[in-house]
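Thanks for coming. I will take a few minutes to walk through one structure, and you can follow along on the screen.

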Amino acid sequence: MNQNPTGPLAHVSLTDGEWRFHYVDSHLQGVASGADAFASQWGAGGWAHLAGLWHDLGKYSHRFQQRIRNRSGFDPEANLDTHVDHAKAGALWALQRFAESDRSQAYALAYVIAGHHTGLADWSATGTPGAMPLSQRFQTKHELAECMDGAPDQTILNASAAVPEIPGSKDGYALWVRMMFSALVDADFLDTETFMNPAQAAMRPQLASMDALKAKLGAHLEAFVADSDLNRARAKILVACRARAAWAPGVFTLSVPTGGGKTLASMAFALEHAALHKKHRRVIVAIPYTSIIE
């Protein structure tokens with residue numbers, strides 16, 4: 001194993017007495033690919049690809065390279081400077097690249113990139129103690145200059161992609177930015193995990209199909225016996241929910257008293273509805289605590 005890095009480092013790991021290096025170029029390409037795959041599900045793959053390519057541009061800077069060598073233990077003599085805001089450089093680059101086009105596009109990327117470690121920030125001050133608004137954070141731009149001094153890969157820096165107009169009104173824009181943020185953060189964590197902890201990454205299973213999940217739930221439900229008034233009532237509720245699975249997609253409600261088997265019945269409906277209507281991606285379950293109170 002080569003004990004000397006051959007380019008700017010994104011991550012460093014000591015494994016079985018040997019140093020392993022995750023290069024910035026490779027990390028950016030990996031995150032771009034992953035984020036693209038996630039966001040393509042809602043037609044925003046090009047946007048996510050650029051966010052992935054630029055999210056860690058700040059890691060090209062000399063200050064960051066010195067810090068990661070020191071903090072990882074690879075080079076304890078390297079200069080351990082103050083904190084390096086490595087997410088800011090990519091956000092500033094997005095603003096610069098899109099300066100002559102729709103500013104909403106530029107700021108959408110900037111928000112997502114700047115917050116990929118700290119969360120989406122407010123643009124202006126909100127009075128929250130310790131929270132720096134993004135407008136204030138962008139007042140200084142030395143991180144972008146330091147990134148350029150680190151000679152970033154020009155293919156990555158000057159990448160372009162199909163970036164259609166962001167759909168929706170004000171509310172649609174807000175949702176779109178959060179979805180893009182999620183795609184970038186997930187891709188970043190997964191690409192980093194693949195390098196830092198390949199054994200754990202290999203344990204992540206592929207998503208089961210809706211048909212497979214439906215069969216598994218069906219087998220579980222068949223184990224129940226309608227041997228009491230309560231269980232017979234639950235069975236009727238389950239049958240009613242399953243019968244509605246063939247209805248056209250839309251908004252449905254299910255009002256059942258506590259103990260009526262709502263969780264399993266609604267899950268049976270959801271899986272059968274998804275399978276019948278080719279909604280193959282996933283079922284999302286959100287259960288607020290107020291449902292118990294009600």
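When I say helix or strand, I mean a DSSP run, a helix having at least four residues and a strand at least two, numbered from the N terminus. By that numbering, Val283 sits in the loop between helix 13, residues 262-276, and helix 14, residues 290-293. Please keep in mind that this is a predicted model.

Let me stay with that loop residue for a moment. Val283 joins Val285 and Ile287 in a nonpolar patch on the surface. Together the three have about 250 Å² of accessible area. Val283 itself is partly exposed, at a relative accessible area of 30%.

Now to the start of the chain. Strand 1 covers residues 9-15, and five of its seven residues are buried, so the strand is largely enclosed by the rest of the structure. Its partner is strand 2, residues 18-23; the two run antiparallel and pair over six bridges. To find the register, look at Leu9, which stands opposite Tyr23 of strand 2.

The two strands make a hairpin with two residues between them. Asp16 lies in that loop. Which sign does phi of Asp16 take? It is positive, near 55°, and Asp16 is not a glycine. For background, most residues other than glycine have a negative phi. Asp16 also counts as exposed, at 77% relative accessibility.

Next, helix 7, residues 142-149. Which of its residues are buried? They are Glu143, Leu144 and Cys147. Seen down the helix axis, these buried residues fall within an arc of 100°, so they line one face of helix 7. What they pack against is helix 4, residues 86-97.

One of those residues also takes part in a salt bridge. The side chain of Glu143 meets that of Lys88, with 3.2 Å from N to O. Glu143 belongs to helix 7 and Lys88 to helix 4, so the pair ties together parts that are 55 residues apart in sequence. Both partners are buried.

Just past the end of helix 7 comes Ala151, with a positive phi of about 55°. Ala151, again a residue other than glycine, is in the loop that leads from helix 7 to helix 8, residues 154-157. With a relative accessible area of 57%, Ala151 is exposed.

Back to salt bridges. How many does a search of the whole structure find? The count is seven. I have shown you one of them, Glu143 with Lys88, and I will add two.

Lys59 and Asp56 also meet through their side chains, at 3.2 Å from N to O. Lys59 and Asp56 are both buried.

The other is Arg232 with Asp229, where the closest N and O atoms are 2.8 Å apart. Both residues lie in helix 12, residues 229-243, three residues apart, which is about one turn of the helix. In general, an α-helix has 3.6 residues a turn, so residues three or four places apart point the same way. Arg232 is partly exposed, at 39% relative accessibility, while Asp229 is exposed, with a relative accessible area of 61%.

To recap the salt bridges: the Glu143 and Lys88 pair is buried, as are Lys59 and Asp56, whereas Asp229 is exposed. That is what I had to show.

Note on methods
Residues numbered from 1 in each chain as written. Predicted model: local features only at pLDDT ≥ 70, side-chain atom pairs only at ≥ 80, totals over all residues. Heavy atoms only, no water. Buried < 20%, exposed > 50% of the residue type's maximum accessible area, 1.4 Å probe, protein only. Arc of directions from axis to C-beta. Contact = heavy atoms within 4.5 Å. Patch = residues over 30% accessible without salt bridge, like charges linked within 9 Å, V, L, I, M, F, W, Y side chains within 5 Å. Areas by Shrake-Rupley, 256 points an atom, 1.4 Å probe, with all protein chains shown as cover. Salt bridge = Lys/Arg side-chain N within 4 Å of Asp/Glu carboxyl O. Pairing = 2+ DSSP bridges.
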